[in-house]
Amino acid sequence: MSRIVGFIIVIFVFLAALAGFYFYLKIQKAPESVIFNAVPVKTAMLFEIKKPGNTFDNLNESNTIWSKITSIDSSMNIHSFFKNIPVFLNESGALIDWKERKAIVSVQEIGKNKFSSLLLFKVKGKQESNRFLKSLQSHIQKKGVITELKYNHVKIFKCALNNNNTFFATYHKGIVMISDNQILIEDAIRQTESETGILNSKEFLYLVKTAGENADATVYVQFNRFSEFIKSKIAVDLYDAIGVKNFAEWAAFDINIKKETVLLNGFAVSGAKQYNFSKLFEGQNATGLGFLKYVPSSAEGFVVMGISNLNLYAENLKYYMEASDQLSRYNVNLSQIREVYGNSTVENLNKVLDGEIAYITMPDANNYFLIKTTGFRDANDYVKNTLKKYNAERDVSFESLTYDYNLDSDAKFEIFNMPLKHFPTRIFGPWFNKCNANYVTAYKDYLVFGNTVQSLKRFLYDNTLEKTMFFDKEYSEFENFLSAKHNFYLFMPFVGNSTNLINTLNTDALKFYKDKQNSISEFYGLGWQFLNSENKLYNNIVLHYKPSNQIKAGTQWESRLDTLVGIKPVLVINHSTNEKEIFVQDMNNNIYLINNKGRILWKKKINKPILGEVVQVDYYKNGKLQFLFNTEDELHLLDRNGNNVEKYPFSFESKAVAPLAVFDYDNRKNYRIFIPFEDRSVKAYSIEGKKVIGYKFNGADNDIISQVQYFRVGEKDYIVITDDSRIYFTDRQGNERIKLSKLFAPSVNNKIIFQPGSDAKNHRFIRTSTDGKVNFIYLDGNIETVEINKFTDNHFFAYRDVTGDKVSDYVFVDENYLSVFNSKKEKEFKVKFASNITLKPAFYKFSSSKLAIGITDSQNRKIYMIDQRGSVLNGFPMPGKTRFSIGVLSPGSNRYNLIVGGDNQYLYNYKLN
């Protein structure tokens, strides 16, 4: 299949040439057949044109995909030639209505590895031809030097312009001929005198009839000549690489250019040759796009074939191999399969085959081969039965060929060793020899072959987490341009390292690829489909431009949710194993528990978004933990399996306006749950969901803006409630503890911070006001106010040591800046971000000397870790758009993991260094 991988570079060069012709000579409909009489029979490809001037009115260099495609191979002189011809036609008036004039562009070889182009116009009688020649002479004499040549008694004008560009022009047999090469003019003259031309090909004539009337363009490709054109550009022998020379005789593609997509659609037809690759699909039913559910999103490409009848495919493959002098190879492969696995191996596979095979190339070259079957049990039984003969004749135990893969306690798979390598290529052909297929497993409806046990584990892991192309947002956009059915589908993305492509190209082609890699990598991908219908191939080729400014996630795993992550992922404890798991909610109000391997353990839909974070409690006081949280309407308590505990959930009489707060005053698990409500009340509940009669808060003066907080200072309890105009300090019964000496409007994004002093007089609470001033509240009610700088009322604030000097710092995040000031109010550092920060920062202490501030730029979908000097930590920013949690997921591990909501609907797990 490395041969098919090489097809990608062919398409790029082909499209580069196509872009030059199309954007300077926009095609609408085929010209009259007389112009075809002048096309040399050795043409590699030719373009029908109807209104070549449309391009100047409708398209220009601001068209994204035009500029990108044409930049891929700047060595071709096609563009410079056709830039000058329209200028000449406009200024000279040689053909007054040339912009509306039917024409043809032909490309052909003029010497070893050298190609040039020919432009043909049909003229209207002798009078117009004379006017053309006179206008040509008059105009060129003003712009350069014109020399008259002759070939077979026909005048050829060599036009050397003052800008160092030269072209040749003539008129013969009712046709104006223009080229940058004299040889092509002479070929065209000879061709008009010949009785044999491309119109003698019944395949070509058929394709002319199929050309779309409303397409932007139509290009015809003669494959036995086109392969030489490709070789001249990338120095790859495509006859050996992918058989382009013998893919078909002729093909016609209608061209449609969108802003970011090039679409080629049309038929390819074969002549008398019977060893064309397309013949393999005669009599085979088409397949669809369902396999995408199983293609890992990190794949560097894949090819899928619709094969409904393996016996018929085997017959066609044998004929193909014989016609291409590979019959002995075919016979050896088949005899070895039968010798090792039994005579009925192919026949038994045909019984379980369900119309599809797929080959997937991976960055590490541990590629996969998939065979769709009639079901998991049939696939699994086929593998085991196939291995029976080998085991019996060699006295090998079945267990010695079996590997158990336990992703976790509930997800278990069997992987089997295949004693004879290259199972897929021995049965389905030489295109799949890069998959050694040393191992195989059954996954859902598919047999999956891989080179190593580890690679199959990765396949199973990615599929369990649904990290596949089917769920990839960018691929879904690309898929909109594809046909629903095909016999063959090749896809090559241009993101990633393209390892398989690089390993396929020879030295010259590799240099070309690397020189143009920046341009190529801005394209999302290329797809080629064909459908075999009545010995004719309908082709669909898609090239999609989709540059990404986002950093690609380098995750340990990604877990797919139903939609975007809605809250900060919370690390929770599995009380059975002591491992960490992840509790998260998506934007559809589904909540999930995900294990540390990324597998979703359960999913449950609740009524509203969770306010704040989930809290774990021991409801039964037996060491087993439950999940406690609230929405604006309900109080929830779930066990670790996602089931409601006893009478939960409880509905509120009023709407909650902040997350619950859980206090365990005496560490006896007699929990008290405090929740502020829209009616400005605060209610306390027991863990059983009953209201606590002993706590009575008279109600806030204004709307409550923060979660209730609890502090134990000495022997006294302080329960803190904050509305938008003041702060209330109460005891456990709701009585006032501190009477403030003055009032201030607390900032909405922050909470109370407690800083212990050397004695009771120095204990103090800290809270910023809406104007960004820092207020130190002492236990006697006195308030000391400090102004650090000017900040908006949406600022975030923290008072803690972030510089590592053991002294608390003033930390502000406001608009798009992180600002840190020391205890003397001197600025330590300031960090600027691309957008305003709207999510609360987090603070992490990895060791006594390693501190970091976590920032989420949700607009640009990036997360940052800022060290104590104000520098971005190595490896950051990373993709992410929610607040994130950092912790050790497995007991005994010394590695931290970062869990964050990613782009689309994925939860990302990064392993931190």
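Student: Which residues does valine 692 touch, not counting residues up to four places away in sequence?
Tutor: The model is predicted. Valine 692 sits in the loop between strand E32 (682-686) and strand E33 (709-713). Leaving out residues up to four places away in sequence, its contacts are Arg672, Ala684, Tyr685 and Ser686.

Student: Is valine 692 buried, partly exposed or exposed?
Tutor: Its relative accessible area is 21%. Buried means under 20%, and exposed means over 50%. Valine 692 therefore counts as partly exposed.

Student: What distance separates the C-alpha atoms of valine 692 and phenylalanine 674?
Tutor: Along the chain, the two residues are 18 residues apart. In space, their C-alpha atoms are separated by 9.7 Å.

Student: Phenylalanine 697 is in the loop between E32 and E33. Is phenylalanine 697 buried or exposed?
Tutor: The cut-off for buried is under 20% relative accessible area. Phenylalanine 697 has 15% relative accessibility, so it counts as buried.

Student: How far apart in space are phenylalanine 697 and tyrosine 728, C-alpha to C-alpha?
Tutor: Tyr728 is among the residues that phenylalanine 697 touches, along with Arg680, Val682, Ile721 and Thr730. In sequence, phenylalanine 697 and tyrosine 728 are 31 residues apart. Their C-alpha to C-alpha distance is 9.8 Å.

Student: Which residue has a side chain joined to that of threonine 287 by a polar contact?
Tutor: Threonine 287 lies in the loop between strand E10 (261-269) and strand E11 (301-305). It is buried, with a relative accessible area of 7%. Its touching residues include Val304, Gly355, Glu356 and His486. The polar contact spans 2.6 Å, and the partner is glutamate 356.

Student: What is the length of the polar contact between the side chains of threonine 555 and glutamate 558?
Tutor: Threonine 555 belongs to the loop between strand E20 (536-545) and strand E21 (557-560). It is buried at 15% relative accessible area. Beyond four places in sequence, it touches Lys467, Tyr908, Asn909 and Tyr910. The side-chain contact with glutamate 558 is 2.9 Å.

Student: Why do the buried residues of helix H9 lie on the same side?
Tutor: In H9 (residues 202-210), the buried residues are Glu203, Phe204 and Leu207. An α-helix has 3.6 residues a turn, so residues three or four places apart point the same way. On the other side of H9, Lys202 and Lys209 are exposed. The buried residues share a side because the arc they cover around the axis is only 95°.

Student: Which element gives the largest share of the lining of the largest pocket?
Tutor: The largest pocket has a volume of about 1,600 Å³. Of its 48 lining residues, Gly612, Glu613, Pro659, Lys840 and Arg883 are the closest to its centre. Elements giving two or more residues include strand E22 (570-573), strand E41 (796-800) and strand E49 (884-887). With five residues, the largest share comes from E41.

Student: How many residues of the lining of the largest pocket are nonpolar?
Tutor: The lining divides into three classes. Seven residues are charged and 10 are polar. The nonpolar residues number 31.

Student: What percentage of the residues of the chain count as buried?
Tutor: The chain's secondary structure comes to 21 helices and 51 strands. Among contacts with a separation of 6 or more, residues 24 or more positions apart account for 57%. Of the 913 residues, the buried portion is 57%.

Conventions
Residues are numbered from 1 along each chain as its sequence is written. This is a predicted model: local features need pLDDT of at least 70, side-chain atom pairs count only at pLDDT 80 or more; totals for chains, interfaces and linings use all residues. Side-chain values use heavy atoms; hydrogens and water are left out. Helices (H or I, at least four residues) and strands (E, at least two) are DSSP runs, numbered from the N terminus. Buried means under 20% relative accessible area, exposed over 50%, partly exposed in between (1.4 Å probe, protein chains only). A polar contact is a pair of N or O atoms within 3.5 Å; within protein, one must be able to donate a hydrogen and the other to accept it, and residues adjacent in sequence count only if both atoms are side-chain atoms. Contact means heavy atoms within 4.5 Å. On a 1 Å grid over the protein atoms alone, a cavity is a set of points where a 1.4 Å probe fits but cannot get out, and a pocket is an open set with protein on both sides within 12 Å along at least five of seven lines; lining residues have an atom within 4 Å of a point. Grid points are joined across faces, edges and corners, and a volume is the space filled by probe spheres set on the points. Ala, Val, Leu, Ile, Met, Phe, Trp, Tyr, Cys and Pro count as nonpolar, Asp, Glu, Lys and Arg as charged, and the others, Gly among them, as polar. The arc is that of the directions from the helix axis to the C-beta atoms.
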